[in-house]
Amino acid sequence: MTGDAAQTIRVEVAYARPDLQRIVPLDVPSGTTLMEAVRRSDIVSLFPEIDLDAATFGIFGKVVRDHETVLRPGDRVEIYRPLIADPKARRAERARAQRAEKGS
């Protein structure tokens with residue numbers, strides 16, 4: 001059999017917590033989408049806290065909003081954990097604390 005339907009590509013699906021990280025390598029059919037690869041990886045069985053409906057995804061550190069994005073050979077799909085604190089708010093808080101220390 002020839003053509004795109006018979007081709008497979010190698011991709012990875014990655015997730016990390018502070019205590020545990022996993023990268024799941026997969027061979028998937030050419031044309032596989034980001035969400036299809038995540039589901040095929042079965043990474044949710046390793047990390048049941050992942051809510052695929054609410055998760056943010058990326059490919060090599062760039063956020064991807066369209067879950068139907070077709071993957072290319074070698075892509076690494078990353079599943080991001082929700083932020084605990086807003087980084088901008090934390091920076092502003094640290095700056096206020098530093099100003100207060102200097103004013104003492």
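R76 is partly exposed, with a relative accessible area of 24%. That is a good place to enter this predicted model. Follow the side chain of R76 and you arrive at E78: the two side chains meet in a salt bridge, with N and O 2.6 Å apart. The pair also counts as a polar contact, at 2.6 Å.

Now look at E78 itself. E78 sits in strand β5. Is E78 buried or exposed? Its relative accessible area is 11%. The cut-off for buried is under 20%, so E78 counts as buried. R76 is not its sole polar partner listed here: the side chains of E78 and Y80 are joined by a polar contact of 2.6 Å. Further along the chain, leaving aside neighbours within four places in sequence, E78 is in contact with A14, T56, F57, G58, I59, F60 and G61.

The salt bridge of E78 and R76 has company. How many salt bridges does the structure hold? It holds four. Turn next to R17. The side chains of R17 and D19 meet in a salt bridge, N to O at 3.0 Å. R17 also forms a salt bridge with E49, where the closest N and O atoms are 3.2 Å apart. What does this second pair tie together? E49 lies in the loop between α2 (43–46) and β3, while R17 lies in the loop between β1 and β2. The pair therefore ties together parts that are 32 residues apart in sequence. Taken together, R17, D19 and E49 are linked in a network of salt bridges.

How open are these three residues? D19 is exposed, at 58% relative accessible area. E49 is partly exposed, at 40%. R17 is partly exposed too, at 23%.

Next comes helix α1. Which residues of α1 are buried? They are L34, M35, A37, V38 and S41. Seen down the axis of α1, these buried residues fall within an arc of 160°, so they line one face of the helix. The general rule behind such patterns is simple. An α-helix has 3.6 residues a turn, so residues three or four places apart point the same way. Try it on the model: find L34, A37, V38 and S41 among the buried residues of α1. What do the buried residues of α1 pack against? Their partners are β1, β2, α2, β3, β4 (62–64) and β5. After α1 comes D42, whose phi is positive, near 55°.

Two of the helix residues lead on to the largest nonpolar core. This core has 22 residues. Which of them touch the most other members? They are V13, L34, V38, I43, F57, L71 and I79. Several elements give two or more residues to the core: β1 (8–16), β2 (21–29), α1 (34–41), β3 (56–59) and β5 (76–80).

Finish with one core residue, I43. Leave aside its neighbours within four places in sequence. I43 is then in contact with V13, A14, Y15, R22, V24, V38, I50 and I79. Look back through that list. V13, V38 and I79 are, like I43, among the core residues that touch the most other members. A14 has turned up before as well, as one of the contacts of E78.

Notes:
Residues numbered from 1 in each chain as written. Predicted model: local features only at pLDDT ≥ 70, side-chain atom pairs only at ≥ 80, totals over all residues. Heavy atoms only, no water. Core = buried A, V, L, I, M, F, W, Y, C linked by side-chain atoms within 4.5 Å. Buried < 20%, exposed > 50% of the residue type's maximum accessible area, 1.4 Å probe, protein only. Helix = DSSP H or I, 4+ residues; strand = E, 2+ residues; numbered from the N terminus. Contact = heavy atoms within 4.5 Å. Polar contact = N/O pair within 3.5 Å; in protein donor to acceptor, adjacent residues only side chain to side chain. Arc of directions from axis to C-beta.
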